[in-house]
There are 2 protein chains.
Amino acid sequence: MTGEGSALAKRVAISDVAARAGVSPTTVSHVLSGRRHVSEVTRARVRSVMDELGWEPNQLARSLRMQRTQTIALIVPDITNPFYPSVARGLLDVVTEPGYQVLIGNTDGSSQAERDLVARMVTRSVDAMVFAGYYSKASDVTAAVEAGIPVALMGGRRASPGIDVLSSDDLAAGEIATRYLIGRGYHRIGFITGPSGDGPPADRVKGYRRALTSAGLRFNSQLIVREEFSRAGGTAGLQKLLELRKPPRAVLCTNDMVAIGALDVARARGLRVPDDLAVMGFDDIEAAALISPALTTIAGDPREQGRAVGRVLLGRLEETGRLEGTAASLPQRILFAPSVVPRESA
Amino acid sequence: MTGEGSALAKRVAISDVAARAGVSPTTVSHVLSGRRHVSEVTRARVRSVMDELGWEPNQLARSLRMQRTQTIALIVPDITNPFYPSVARGLLDVVTEPGYQVLIGNTDGSSQAERDLVARMVTRSVDAMVFAGYYSKASDVTAAVEAGIPVALMGGRRASPGIDVLSSDDLAAGEIATRYLIGRGYHRIGFITGPSGDGPPADRVKGYRRALTSAGLRFNSQLIVREEFSRAGGTAGLQKLLELRKPPRAVLCTNDMVAIGALDVARARGLRVPDDLAVMGFDDIEAAALISPALTTIAGDPREQGRAVGRVLLGRLEETGRLEGTAASLPQRILFAPSVVPRESA
DNA sequence: CTGAAAGCGCTTACAG
DNA sequence: CTGAAAGCGCTTACAG
């Protein structure tokens with residue numbers, strides 16, 4: 001019984017390869033890394049022993065020694081929200097090739113969970129971190145920053161040392177949507193926004209207002225209604241808008257779910273969309289293309305955002321590798337411009 | 001200049017705590033783990049130094065020493081397919097509390113990528129692995145099995161040593177769907193299935209056939225059409241079915257996308273759904289509830305599947321911890337029963 | 001009740 | 001061109 005095939009067979013280590021090849025671990029390490037010259041013959045011998053024993057360096061040991069884990073943390077509120085898997089995909093797209101892996105964490109938006117996860121990631125010595133919260137702010141990631149880990153904050157408002165910020169340009173989104181509607185001849189445009197007066201939804205309203213103004217149209221606060229971010233919110237919102245003395249001919253909804261709720265009431269009332277009423281959403285969720293009439297909406301590109309995040313972080317990682325202690329380049333803030341996806345509803 | 005506040009401040013190590021508390025690292029380690037008695041006084045002193053210096057053990061060092069990384073790999077074909085984020089969520093649900101983190105990998109279904117990722121995960125000494133491929137089989141994960149890493153294979157056909165298999169019960173799904181339709185008075189039922197004659201889609205057809213038979217209904221192969229897994233496939237499939245001399249009164253579609261395609265032709269031809277034609281899908285994608293008429297479909301519970309996967313793996317991990325080399329319990333195969341989500345279309 | 005030492009598996013100054 | 005040794009930061013037999 002050699003035990004060779006056993007599931008419990010000890011993993012082969014660099015010392016095994018060295019012994020078998022009749023060289024030192026140092027040399028084995030160097031044929032692997034190529035960081036110093038090794039004579040043709042020994043190199044060949046070592047290579048063949050590596051293959052023979054199927055040796056691959058233990059990343060754990062390597063990480064401990066090199067102080068680099070080749071790992072990036074991705075912390076999100078809810079991986080089940082389709083935006084984040086797309087971001088994850090984009091991140092993986094650019095980060096896999098250079099040898100990084102990604103560790104995911106789900107916070108449910110709880111700041112307790114956020115702190116715990118950030119701490120655990122630090123404890124695990126991730127090389128970089130992307131953090132997305134419902135209301136991302138720098139203070140959520142201080143533990144990482146203090147540990148010298150570069151972080152990319154998604155959805156944050158401003159960059160700070162150690163923290164690059166990447167987010168959707170919600171103001172532009174609102175502006176673009178409104179301009180699209182105006183261009184199609186709608187001048188009386190309602191807006192069903194979210195319950196609170198700040199954050200991305202408020203930025204969209206700001207963009208809407210700006211587009212109105214620059215088109216010489218009057219902004220009318222009666223046309224803005226605040227509702228929950230849900231199908232029911234859309235229903236309620238459109239109902240209110242339709243009760244107005246002069247109801248809008250088009251309605252912008254703060255997200256696609258809300259727009260779908262608005263379409264429900266249009267259907268129930270027998271309104272033709274978009275002839276009697278144009279409806280437009282934001283986000284471009286999968287259902288937007290599948291419902292009837294298909295929803296015209298504003299799309300970001302979450303996968304591309306993920307790629308951008310990856311690139312930014314890779315850049316930071318290169319910096320810290322090279323210039324040890326030298327001043328890093330300034331933290332960036334990157335805004336993603338959205339575009340309209342014209343379909344049937346507007 | 002103390003450098004204390006610098007981003008480059010060395011992380012504090014166990015030896016720092018020990019020195020400052022006037023004890024050995026051994027003792028510090030033991031107050032942390034509680035694995036041996038430490039006198040009240042020294043324990044208190046060590047604790048306060050820990051707090052003061054903010055020390056947390058470096059997981060890397062700990063992992064290297066203990067041969068346990070507290071990491072689980074999750075390898076999926078496409079994290080962007082909503083099934084997988086739900087699985088990920090369920091996995092996180094059960095695995096976070098006991099201190100595990102999850103490393104994700106995306107293969108795009110390429111077996112090259114699958115092999116590479118499995119190898120990389122092994123190299124990183126993950127404690128366990130969940131693997132989902134488009135056609136998962138044991139041979140995809142041999143590298144992990146050989147390294148003694150317990151794996152949970154999602155969607156596989158049979159368990160084998162070191163590999164537990166968890167999958168949806170597609171046969172039951174087909175049967176349940178068909179029975180539902182029969183129960184609602186539909187006796188002539190068409191089936192738009194996928195292009196190939198095996199895998200989950202074929203199992204669904206088998207279940208359909210079985211339900212028909214056990215209800216005393218005749219199986220008619222003309223009512224089965226093979227199409228692509230897409231909206232266009234659903235359109236084409238229903239068109240063929242409607243050209244039959246005696247077209248079906250109800251149609252089962254191999255997934256919700258296909259069902260949506262079928263609904264497109266029903267709408268175009270002015271058929272009332274479900275009165276003239278009942279349409280039913282599988283999977284319960286988000287859009288199923290949002291379209292009109294809302295789609296009646298068969299739902300699995302991916303998040304619960306993820307939880308189950310987590311539980312199985314946690315069980316295996318406990319086994320290997322306890323009985324070193326003793327025979328592990330037999331590999332399991334767990335099948336998830338789906339249920340119908342009655343909505344408007346059937 | 002506590003500590004010195006070995007060792008997990010690598011990489012990299014240092015020396016020749 | 002190559003190797004012996006130190007060290008990354010822990011845990012745990014071993015010894016007292």
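Here are some questions and answers about this predicted model, working from chain A as a whole down to single residues.

Q: How many helices and how many strands are there in chain A?
A: Let's begin with the overall make-up of the chain. Of the 346 residues of chain A, 49% count as buried. Its secondary structure consists of 13 helices and twelve strands.

Q: Why is chain A described as more spread out than a compact globule?
A: The C-alpha trace of chain A spans about 90 × 50 × 40 Å along its principal axes. For 346 residues the globule rule gives 20 Å, and chain A is well over that, so it is more spread out than a compact globule. The radius of gyration behind this statement is 27 Å.

Q: What share of the accessible surface of chain A belongs to carbon and sulfur atoms?
A: The accessible surface of chain A comes to about 16,300 Å². The part of that surface belonging to carbon and sulfur atoms is 51%.

Q: How far apart are the mean positions of the positive and negative charges of chain A?
A: Chain A has 42 positive and 37 negative charges. Taking the mean position of each set, the separation is 4 Å.

Q: Among contacts in chain A between residues at least 6 apart in sequence, what percentage join residues at least 24 apart?
A: Here a contact means heavy atoms within 4.5 Å. Counting pairs at least 6 apart in sequence, the share that joins residues at least 24 apart is 67%.

Q: Which feature does UniProt place at residues 12-66 of chain A?
A: Over residues 12-66 the chain is 71% helix and 0% strand. The C-alpha atoms at the two ends of this stretch are 20 Å apart. The UniProt record, an unreviewed entry, names the feature here as "domain: HTH lacI-type".

Q: Which residue does a cis peptide bond join to A:Val273?
A: The bond has an omega of about 10°. The partner sits in the loop between helix H11 (256-268) and strand S9 (278-282) of chain A. That partner of A:Val273 is A:Pro274.

Q: Where in chain B does B:Pro293 lie?
A: The peptide bond from B:Ser292 to B:Pro293 is cis, with omega near 0°. As for its place in the chain, B:Pro293 is in the loop between helix H12 (287-290) and strand S10 (296-299).

Q: Is A:Asp108 buried, partly exposed or exposed?
A: This residue has a positive phi of about 55° although it is not a glycine. A:Asp108 is found in the loop between strand S2 (101-106) and helix H6 (111-123) of chain A. Its relative accessible area is 48%, so A:Asp108 counts as partly exposed.

Q: Is B:Ser125 buried or exposed?
A: B:Ser125 has a positive phi of about 60°, although it is not a glycine. Its loop runs between helix H6 (111-123) and strand S3 (128-132) of chain B. Buried means under 20% relative accessible area. With a value of 18%, B:Ser125 is buried.

Q: Which residues is B:Gln332 in contact with, leaving aside its neighbours within four places in sequence?
A: B:Gln332 lies in the loop between helix H13 (302-323) and strand S11 (333-336) of chain B, and is partly exposed at 36% relative accessible area. B:Gln332 and B:Pro161 are 171 residues apart in sequence, yet 9.3 Å apart in space, C-alpha to C-alpha. Beyond its sequence neighbours, B:Gln332 is in contact with B:Ala159, B:Asp164, B:Val165, B:Val312 and B:Arg316.

Q: Is B:Glu175 buried or exposed?
A: B:Glu175 belongs to helix H8 (residues 170-183) of chain B. Leaving aside neighbours within four places in sequence, B:Glu175 is in contact with B:Gly207, B:Tyr208, B:Arg210 and B:Ala211. At 15% relative accessibility, B:Glu175 counts as buried.

Q: How far apart in space are B:Thr26 and B:Glu114, C-alpha to C-alpha?
A: B:Thr26 is in helix H2 (residues 25-33) of chain B and is partly exposed, at 38% relative accessible area. In sequence, B:Thr26 and B:Glu114 are 88 residues apart. In space, their C-alpha separation is 42 Å.

Q: What is the relative accessible area of A:Gly237?
A: A:Gly237 lies in helix H10 (residues 231-243) of chain A. Setting aside neighbours within four places in sequence, A:Gly237 is in contact with A:Ile192, A:Val225 and A:Glu227. The C-alpha atoms of A:Gly237 and A:Val225 are separated by 6.2 Å. A:Gly237 is buried, and its relative accessible area is 0%.

Note on methods: Residues numbered from 1 in each chain as written. Chains lettered and ligands numbered in written order. Predicted model: local features only at pLDDT ≥ 70, side-chain atom pairs only at ≥ 80, totals over all residues. Heavy atoms only, no water. UniProt positions renumbered as here; feature names shortened; annotations may be inferred. Helix = DSSP H or I, 4+ residues; strand = E, 2+ residues; numbered from the N terminus. Rg over C-alpha atoms; globule rule 2.2 N^0.38 Å. Buried < 20%, exposed > 50% of the residue type's maximum accessible area, 1.4 Å probe, protein only. Areas by Shrake-Rupley, 256 points an atom, 1.4 Å probe, with all protein chains shown as cover. Lys, Arg positive; Asp, Glu negative; His and termini not counted. Charge placed at Lys NZ, Arg CZ, Asp CG, Glu CD.
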